[in-house]
Number of protein chains: 2
Amino acid sequence: MGMVLDELGTPIVLAPMAGGPSTPELAAAVSDAGGLGFIAAGYLSAADLGDRIERTRALTSAPFGVNLFYPSAPSPTETFGAYVTDLAREFPVGEPRYDSDDWDAKLDLLTAAPVPVVSCTFGCPSAPEITRLHAAGSEVWVTVTSVAEAKYAVEAGADALIAQGSEAGGHRGTFADRPADDLTDPLGLLALVQLLTAAVHTPIVATGGITTGAGLAAALSAGAAAAQIGTAFLRCPEAGTAPLLRDAITLDTPTMLTRAFTGRRARGLRNLFMLEHPDAPAAYPEIHYATGPLRAAARTEGNADAVNLWAGQAHSLAPELPAGELVRQLSESAKDALKRALSIRIQGC
Amino acid sequence: MGMVLDELGTPIVLAPMAGGPSTPELAAAVSDAGGLGFIAAGYLSAADLGDRIERTRALTSAPFGVNLFYPSAPSPTETFGAYVTDLAREFPVGEPRYDSDDWDAKLDLLTAAPVPVVSCTFGCPSAPEITRLHAAGSEVWVTVTSVAEAKYAVEAGADALIAQGSEAGGHRGTFADRPADDLTDPLGLLALVQLLTAAVHTPIVATGGITTGAGLAAALSAGAAAAQIGTAFLRCPEAGTAPLLRDAITLDTPTMLTRAFTGRRARGLRNLFMLEHPDAPAAYPEIHYATGPLRAAARTEGNADAVNLWAGQAHSLAPELPAGELVRQLSESAKDALKRALSIRIQGC
C-alpha cells in the first residue's frame, strides 16, 4: 500500500491551525482540491474532535489528517506563579491549570474511528502508541525541528517527518521547550531540510514560511515530498480565522517568537504584549489557560496588542481566495517556478 | 550589456569570507569553474586588497567580485567600555578603536582598477557612490535582510540584491545592528526570497545555509537568480580556513548569533565565549579590535571555546573537495533536484 503522500493530487498539506482557523470546511476544501486537509485537535475535547471528524467526512470523501498536541509534563507553580500574578495586576486572568489536552481519549477515538494520517506536535508518541495507530490503519507523522528529533521519531516508527523551519507561524513543535536553549536560534527551513535528508530516509513534509508557489517549489527542490502550508490559508473564506488576525496579516508587521501567551514558544505578529513580556516562562498549558480571559477580552475589544496573532514570516503574501482555488494557484505557480529554475544555465565546468 | 549573473556558467556565487577563508586561489577556482569568485575586502587595507585583486587576476581571466564592509558610525565608549574592562580581567585584549575599514581608499582603488562586481555588506552605499562605481564599469550588489533594506538599496541604484537569510554564517548584513531589534528574529531565507520577489524586480542572489545542490535548487526555485555559498567552501584546499574551524564544522555543533567577538551580530558554532557573553554590546569595529588578541591566542592554543568559528546552519554538510569540483557537484545535483521535484505530481484540481 502506498503512502498517503504518494496518492495526493498535489503535494500540499494544510497545516493544522488550532484555536480557530482550522475548520472542517477548510480541511475538506484542501482535500477536495487534491491536497491533504487537516483537522487541528489541539484545545478540543475528544468529543469535539469526534464531531469535527464526522463533519469533515460528511464534506469530503478524500483523505484528511488529524493533528494532536503531544502532552507536556506539568510545570511546577514556582516557574509561572510570579508571571501570572504580574499579569493579574493588569488583565483578567484564568486559573493556570494543567491538562493533557485529552490525549488518551483522543488516541482511543482515533483507534476506534481511524483517519488516514495522525500527526503530532510538541513531542513524539511512544513506539507502542505509534504501533497502535498503525494497527488502526493510520500513518503517523511527527513534527521535528532538528536532526536529533528526527532520528528519535524515525526510531519510534514515524512514517513521515514534518520539518518545521524557524519561519513557521504558531507554536514551535520542538519536543522540549527550554528557555536555556533559546540562545541557539531555530534552524531555517532550507537548512533543516538539507540536514534531515542527509540524516534520515523518511519522507519529509516541509513547513515554515511557505506562502507562494515558488516557496512550494523550493521546498520540493530541497528534497521534501510535500509542503505543509498554514498562514497562506488564513484569509480563505473557509478558514475560521478571527477577523482581527485576518486583517492584521495583510500588513508588513514583523513576527517574533514568544512564550507570553501560552507558555510555549510560538511565532506571531509582534505586538505590545509580546514586547512587554520577553521573559515569559515555559509552562504550557498553564499559561495558555491563565491568559485565556485576557486574550478573549482583547479579541472582543478588537485590541490587536493583547492577543496572540500567530502567523509565519511571509504572512503578508497570504491571498484572499477560496481554499481550493488557492491550492490550484499554488500548484500552477510551483510548476512554473520549477520550469523557470530549470531554464537557468547550471553547469559547472 | 548583460549582467554578470546572465553570463555565468552556473548560478553559484562564492560568499566573501573575510578574515582568512577567502583567498585569491579560492575565488579563481570558483570563477574558473563557471561561478563567480569573490574577494573579501573586509579587515584588509586598500593596499592589501589591491594585491589580492592582482593575484586573482593572475590566476583567472574569468570575472570575479570584491566585497566591501560598508562603514558603521563610531560607537560611544560608554556602550562598550564595561564589556572590554570585563574581558580584560580574563583575556588579553586590544584597543577598542574605530576605523572605516579603509572605505574611501578602497573606493578609489576600485574606481581606478575596476572589477565586474562590487558587493557591500553592513549597509548600502550612497547613490553618488553607486554612480561612481557604475561609471567605472562595475555592477553594485547590496546585501539585504529585509524588504525595507531591499527597497532602500533599489532606490540607491543597486543592480542586484544579496538576500541574506537567518541561516547564514558570519556577520549579519543588516544595515543597522541594534540590540533592541533582536526580539524580532531574522527572516529565514525562503521567507525572505518570497517577500523580496513580491516587492522588487531587481535580481536576487540568495544566501544563507545553502550547502548542497538541493539547497541551490531550492534557492533558484524560490526565485533567486543565483545562490551565494560560503560555508560549503570552507573545507576546500584553496580556502584559507583556520585548521580549528576546518575541523569544527564537520561536527553537529549548533550555531548561534552573537555580538561577543566583534560587536556586530554574526552566526558561528556555539562555544563557551558566546554563551558567557550573551549581552555583548553593538559596537563594531571597536569590539572586533578589542577581542583580536584573545582570538589570536585561542587560535594558537587550539582552543575552540574562545575564538569565533563563523559558519552557517548547515555547516556539517560541507564536503572536503577542491573548489572547482564542488562547483561542478553542486551544479549537477541542483539539476537533479529540480528534475526530481518536477517529477512530483503537482496539479490542484
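**Entry 1: A:Leu338**

I started at A:Leu338, which counts as buried because 29 other C-beta atoms sit within 10 Å; the cut-off for buried is 20 or more. I note for the record that I am working on a predicted model. A:Leu338 belongs to helix H14 of chain A. I then asked which residues A:Leu338 is in contact with, leaving aside neighbours within four places in sequence. On chain A I got A:Ala217 and A:Ser221, and on chain B I got B:Ser221, B:Leu338, B:Ala341 and B:Leu342. I also checked a C-alpha to C-alpha distance: A:Leu338 and A:Ala218 are 8.1 Å apart in space, with their positions 120 residues apart in sequence.

**Entry 2: H9(A) on H14(A)**

That took me to the helix pair itself. I'm noting the two usual descriptors for packed helices, the angle between the axes and the distance between them. For helix H9 (residues 213-222) and helix H14 (residues 323-342) of chain A, the axes come within 7 Å and cross at roughly 60°. H9(A) and H14(A) are therefore oblique to each other. I looked up the hand as well, and H9(A) passes H14(A) in a right-handed crossing.

Who touches whom here? From H9(A) I listed A:Gly213, A:Ala214, A:Leu216, A:Ala217 and A:Ser221. Facing them in H14(A) are A:Gln329, A:Leu330, A:Ser331, A:Glu332, A:Ser333, A:Ala334, A:Asp336, A:Ala337 and A:Leu338. Sorted by class, the residues of this contact of H9(A) with H14(A) come out as seven nonpolar, five polar and two charged.

**Entry 3: the chain B side**

With A:Leu338 in contact with residues of chain B, I pulled up the contact between the chains. I counted 61 residues from chain A and 61 residues from chain B. On the chain B side, helix H8 (189-199), helix H9 (213-222), strand E10 (255-258) and helix H13 (323-342) each supply at least two residues. Which of these gives the most? I found that H13(B) does, with ten residues. The chain B side divides into 33 nonpolar, 21 polar and seven charged residues.

I stayed with H9(B) and asked whether its residues are buried or exposed. Ten of its ten residues are buried; among them are B:Gly213, B:Leu216, B:Leu220 and B:Ser221. Just after H9(B), I saw that B:Gly223 takes a positive phi of about 125°.

**Entry 4: B:Pro92**

Next I picked a loop residue. B:Pro92 lies between helix H4 (77-88) and helix H5 (103-112) of chain B. I have B:Pro92 down as partly exposed because 13 C-beta neighbours fall inside 10 Å. What is B:Pro92 in contact with, neighbours within four places in sequence aside? I got B:Pro293, B:Leu294 and B:Ala297. The C-alpha atoms of B:Pro92 and B:Leu294 are 5.2 Å apart, although the two residues are 202 apart in sequence.

**Entry 5: H3(A) and its partners**

Back on chain A, I checked helix H3 (residues 46-59) against helix H5 (residues 103-112): their axes come within 9 Å and cross at roughly 30°. H3(A) and H5(A) are therefore roughly parallel, since angles under 35 degrees get that label. I logged the crossing of H3(A) and H5(A) as right-handed. H3(A) brings A:Ala46, A:Leu49 and A:Gly50 to the contact, and H5(A) brings A:Ala105, A:Lys106 and A:Leu109. By class I have four nonpolar, one polar and one charged for H3(A) with H5(A).

Then I tried helix H2 (residues 24-32) of chain A, which packs on H3(A) at about 40° with the axes 9 Å apart. That makes H2(A) oblique to H3(A). H2(A) also passes H3(A) in a right-handed crossing. The contact is made by A:Pro24, A:Glu25, A:Ala27 and A:Ala28 of H2(A) with A:Arg52, A:Arg55, A:Thr56 and A:Leu59 of H3(A). I sorted these into four nonpolar, one polar and three charged.

**Entry 6: chain A overall**

Finally, I zoomed out. Chain A comes to 14 helices and eleven strands. A compact globule of 349 residues would have a radius of gyration near 20 Å, so the 19 Å of chain A agrees. I noted a C-alpha trace spanning about 65 × 45 × 40 Å along its principal axes. Buried residues make up 59% of chain A. Of the chain A contacts with a separation of 6 or more, 68% are between residues 24 or more positions apart.

Terms used: Residues numbered from 1 in each chain as written. Chains lettered and ligands numbered in written order. Predicted model: local features only at pLDDT ≥ 70, side-chain atom pairs only at ≥ 80, totals over all residues. Helix = DSSP H or I, 4+ residues; strand = E, 2+ residues; numbered from the N terminus. Rg over C-alpha atoms; globule rule 2.2 N^0.38 Å. Buried ≥ 20, exposed ≤ 12 C-beta atoms within 10 Å, placed from the backbone. Contact = placed C-beta atoms within 7 Å. Nonpolar A, V, L, I, M, F, W, Y, C, P; charged D, E, K, R; others polar. Axes fitted to C-alpha atoms, helices over the stretch in contact; angles between N-to-C directions. Parallel < 35°, antiparallel > 145°, perpendicular 65-115°, else oblique. Left-handed = near helix turned anticlockwise from the far one by under 90°.
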